[in-house]
Amino acid sequence: MHPAVETESSQSGLSVPRGPYAAPPRGAPARIAFIGQDTYFEATALTSPTPEVLPRFIDFRAGAEPQPMLEAIEAFAPDVVIVFRPEIIPGGLFAGLRVPTLGFLTEPLPRGDGEPHPDLEVRLAETELIDRLNFDRIVSFDPLFVEVADPLAPVWRSVPLPVDDRFFAPARRSSVPPRVVFVGRSTEHRENYLVEVKHLFDLVHMAHGVFGDRLLDLMRETDVGINLHNEPYPSFENRVSLHLAAGNLVVSEPLSPTHGLEPGIDYIEVRHPKDLVRTVSQIHSYPDVYRRVRIRGRRKAEAFRASRVYPRLVHDLLLDLDVFGTERSLS
């Protein structure tokens with residue numbers, strides 16, 4: 001892991017030296033190409049231009065024909081390429097790409113403390129597909145699995161997945177009755193938590209296919225966002241920061257890592273299905289009972305704002321490349 005280099009970025013762009021790569025025009029916004037499956041990652045990218053970033057999201061998923069993606073990158077002529085789930089990029093595909101590339105590990109992995117959950121073993125096997133020479137640097141959303149990830153793809157930095165600026169909204173007064181939503185596929189673990197809540201209350205469960213404008217509309221219509229882990233192992237799901245950014249109250253299983261969020265202050269923590277039933281019941285009886293938590297959570301969401309996170313991340317990436325270079329073989 002390389003040490004950070006501290007300096008200030010340009011007010012109108014990210015014009016800093018880039019080691020083996022050509023420097024962008026001084027003062028111009030950084031052109032960032034975000035690569036990944038739009039269903040899951042468009043909401044974690046930046047989709048609107050800012051004074052510091054000119055973004056473009058390019059939809060690509062594992063097993064897809066890569067040539068259209070490469071052509072889209074070439075047409076956009078980015079200064080930096082960021083790939084969500086770097087394991088989806090075929091080996092050697094970026095060998096001729098003369099632009100800094102950053103792989104973003106987005107999936108939970110074993111943490112090296114005991115027998116891993118079978119689901120984590122599957123995710124680890126997928127991570128082993130990463131061609132580390134496709135990428136100049138690797139970022140992980142979770143600092144607690146770095147020990148396991150490093151032999152596969154050395155982690156340069158850990159950063160929680162950001163939230164696209166368009167999802168940010170004020171913390172509103174709750175509807176009556178409050179609209180309670182869970183977004184995520186069904187698993188046995190999640191249904192153990194949700195089954196009684198679904199029976200007692202009008203819970204909206206969006207299991208799949210919610211992204212883009214449909215997800216944006218859903219977030220704007222929600223009062224309470226529930227977060228449950230995929231399986232019974234700890235993690236930090238980006239739906240937490242997404243709901244906080246939208247001004248929704250978050251009710252979640254314990255988060256690990258917390259990324260600075262405090263249970264009881266920024267979100268409501270539940271540790272058992274009965275806790276979830278009691279909490280949702282209380283909110284239905286008194287819709288704004290946790291209004292202060294909702295407001296505080298919305299304030300904390302600013303730490304995840306994409307237009308703040310990506311310029312800093314890319315700025316540090318370019319400086320790091322200038323000082324330490326890259327192991328990529330650029331043909």
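Buried means under 20% relative accessible area, exposed means over 50%, and partly exposed lies in between. The structure used in these exercises is a predicted model.

**Exercise 1. Strand S8 and its partner**

Task: Work out which residues of strand S8 (residues 203-206) are buried on each side, and how S8 is joined to S7.

Solution.
Step 1. Take the two faces of S8 in turn. Leu-203 and His-205 lie on one side and Val-204 and Met-206 on the other. These four residues are buried, and both faces of the strand are thereby covered.
Step 2. Recall the general pattern. In a regular strand the side chains alternate between the two faces of the sheet.
Step 3. Look at the pairing. Strand S7 (residues 180-183) runs parallel to S8, and four bridges join the two. Val-180 stands opposite Leu-203, and Val-183 has Met-206 as its bridge partner.
Step 4. Trace the chain between them. S7, helix H5 (residues 188-200) and S8 build a right-handed β-α-β unit.

**Exercise 2. The order of an open sheet**

Task: Find the order of the five strands in the open sheet and say which strands stand at the edges.

Solution.
Step 1. Read the order across the sheet: S8-S7-S9-S10-S11, with parallel pairing.
Step 2. Identify the edges. S8 and S11 each have a single partner strand, so one side of each has no neighbour in the sheet.

**Exercise 3. Strand S5 between two partners**

Task: Describe where the side chains of S5 (residues 137-140) point, and name a residue opposite Ile-138 in S4 and in S6.

Solution.
Step 1. Sort the side chains. Arg-137 and Val-139 point one way, Ile-138 and Ser-140 the other, and all of them are buried.
Step 2. Pair S5 with S4 (residues 101-105). The two strands run parallel and are joined by four bridges. Gly-103 stands opposite Ile-138.
Step 3. Follow the connection. From S4 the chain passes through helix H3 (residues 118-127) to S5 in a right-handed β-α-β crossover.
Step 4. Pair S5 with S6 (residues 155-158). Three bridges hold this parallel pair, and the partner of Ile-138 in S6 is Val-155.

**Exercise 4. Arg-239, a buried charge**

Task: Determine what surrounds the side chain of Arg-239 and which side chain of opposite charge is nearest.

Solution.
Step 1. Place the residue. Arg-239 belongs to helix H7 (residues 238-245).
Step 2. Test for a salt bridge. The cut-off is 4 Å between a side-chain nitrogen of Lys or Arg and a carboxyl oxygen of Asp or Glu. Arg-239 is buried but has no salt bridge, and the nearest side chain of opposite charge, Glu-237, is 4.6 Å away.
Step 3. Look for another polar partner. The side chain of Arg-239 reaches the backbone oxygen of Leu-228 at 3.4 Å.
Step 4. List contacts beyond four places in sequence. Among them are Phe-182, Val-183, Arg-190 and Ile-226.

**Exercise 5. Salt bridges between distant parts**

Task: Explain what the salt bridges Asp-165 to Arg-305, Asp-288 to Arg-173 and Arg-296 to Glu-262 tie together.

Solution.
Step 1. Begin with the total: the structure holds 29 salt bridges.
Step 2. Asp-165 and Arg-305 meet at 3.6 Å, N to O. Asp-165 is in the loop between S6 and S7 and Arg-305 in the loop between helices H9 and H10, so the pair ties together parts 140 residues apart in sequence. Arg-305 is buried, at 17% relative accessible area.
Step 3. In the bridge between Asp-288 and Arg-173, the closest N and O atoms are 3.7 Å apart. Asp-288 lies in the loop between H8 and H9 and Arg-173 in the loop between S6 and S7, so parts 115 residues apart in sequence are tied together. Asp-288 is partly exposed at 27%, whereas Arg-173 is exposed at 57%.
Step 4. For Arg-296 and Glu-262 the closest N and O atoms are 3.2 Å apart. Arg-296 is in helix H9 and Glu-262 in the loop between S10 and S11, so this pair ties together parts 34 residues apart in sequence.

**Exercise 6. Unusual backbone geometry**

Task: Locate the cis peptide bond that ends at Pro-177 and the one that ends at Pro-257.

Solution.
Step 1. The bond from Val-176 to Pro-177 is cis, with omega near 0°. Pro-177 sits in the loop between S6 and S7.
Step 2. The bond joining Ser-256 and Pro-257 is also cis. Pro-257 is in the loop between S10 and S11.

Key. Residues are numbered from 1 along each chain as its sequence is written. This is a predicted model: local features need pLDDT of at least 70, side-chain atom pairs count only at pLDDT 80 or more; totals for chains, interfaces and linings use all residues. Side-chain values use heavy atoms; hydrogens and water are left out. Buried means under 20% relative accessible area, exposed over 50%, partly exposed in between (1.4 Å probe, protein chains only). Lys and Arg count as positive and Asp and Glu as negative; His and the chain ends are not counted. A polar contact is a pair of N or O atoms within 3.5 Å; within protein, one must be able to donate a hydrogen and the other to accept it, and residues adjacent in sequence count only if both atoms are side-chain atoms. Contact means heavy atoms within 4.5 Å. Two strands pair if DSSP finds at least two bridges between them. A crossover is right-handed if, with the strands pointing away from the viewer, the path from the first strand over the helix to the second runs clockwise.
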